[in-house]
Amino acid sequence: MKIFRSSILAGICIGIAGFGYLAEKSFVGSVLFAFGLLAVVHYGLKLFTGTAGFFKKGEFWNLFTILLGNIVGCLVVALIARCSPMPLQQTAQGILQARLAVGPLKGAALAVGCGFIMTTAVTFGRQGKYLPLLFGVPMFITCGFPHCIADAFYYLCAPLPFLAENALAVILFYISIVIGNFVGCNLYRVIMPKELQ
């Protein structure tokens, strides 16, 4: 329950960051999005992409609890976003349409880049070096690398009729980017010698 509660709060942080990005979908918005990751690292919250690269033996299944909690947190902020007079739902739909146009296989490949950036940025953040957190987020957004928690927020903000019409495609794409993020988060474990990790 402690992990789940921490995960919900992490999802809320990313949801607020995503809210800011939908309100100002530009490079400025991508920099503002970094607030979410900075808050997560500062408070030591459980974010899927901030945890997937650091799990130890016996902790793998906790990642599913963390992912679910993150999505619940995003849902809370998405419900608030639906009260905004700004055209957030239309912007979210545009992001989702662009994601679906890429397709799940290419989406998974692109998501690897986001996972790698996230683990690298969080590694620095845990050492009290916050600049990579500030640069890492605009980097993955500018590159178009999907982030499974940010995307969960965008999907939950999109108009409900659009989601209903594309439900299967959205689910398949989402699963693919979760896998891609996980692979990217653990890339250093596969490539780097253990003595250097």
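# A tour from the covered helix outward

Select helix H8, residues 148–157: nine of its 10 residues are buried, so the helix is mostly covered. This is a predicted model. Colour the buried positions next. They are Cys148, Ile149, Ala150, Asp151, Ala152, Phe153, Tyr154, Tyr155 and Cys157.

**Stop 1: the cysteines**

Stay in H8 and pick Cys157. Is it buried or exposed? Cysteine 157 is buried, because its relative accessible area is 2%, and the cut-off for buried is under 20%.

Now show the sulfur atoms. Which cysteine sulfur is closest to that of cysteine 157? It belongs to cysteine 74, at 8.8 Å, which is too far for a bond.

Jump to cysteine 185. This residue is buried as well, at 0% relative accessibility. Its closest cysteine sulfur sits in cysteine 114, 7.4 Å away, again too far for a bond. A disulfide is a covalent bond between the sulfur atoms of two cysteines. How many disulfides does a search of the whole structure find? The count is zero.

**Stop 2: helix H6**

Select residues 104–126, which make up helix H6. Pick glycine 115 within helix H6. Glycine 115 is buried, with a relative accessible area of 0%. Draw a distance from its C-alpha to that of glycine 29. The viewer should show 20 Å, for two residues 86 apart along the chain.

Now move along to arginine 126, also in H6. Arginine 126 counts as exposed, because its relative accessibility is 55% and the cut-off is over 50%.

**Stop 3: a positive patch**

Keep Arg126 selected and add Lys2, Lys46 and Lys56. Together these four residues form a positive patch on the surface.

**Stop 4: a nonpolar patch**

Clear the selection. Choose Phe27, Val31, Leu131, Leu134 and Phe135. They form a nonpolar surface patch, with about 490 Å² of accessible area together.

Which helices each supply at least two residues of this patch? They are helix H2 (27–43) and helix H7 (131–143). Show both as ribbons. H7 gives the largest share, three residues.

End on valine 31, which lies in helix H2. Its relative accessible area is 31%, so valine 31 is partly exposed. That value falls between the buried and exposed cut-offs, under 20% and over 50%.

Key:
Residues numbered from 1 in each chain as written. Predicted model: local features only at pLDDT ≥ 70, side-chain atom pairs only at ≥ 80, totals over all residues. Heavy atoms only, no water. Patch = residues over 30% accessible without salt bridge, like charges linked within 9 Å, V, L, I, M, F, W, Y side chains within 5 Å. Areas by Shrake-Rupley, 256 points an atom, 1.4 Å probe, with all protein chains shown as cover. Salt bridge = Lys/Arg side-chain N within 4 Å of Asp/Glu carboxyl O. Lys, Arg positive; Asp, Glu negative; His and termini not counted. Charge placed at Lys NZ, Arg CZ, Asp CG, Glu CD. Helix = DSSP H or I, 4+ residues; strand = E, 2+ residues; numbered from the N terminus. Buried < 20%, exposed > 50% of the residue type's maximum accessible area, 1.4 Å probe, protein only. Disulfide = S-S within 2.5 Å.
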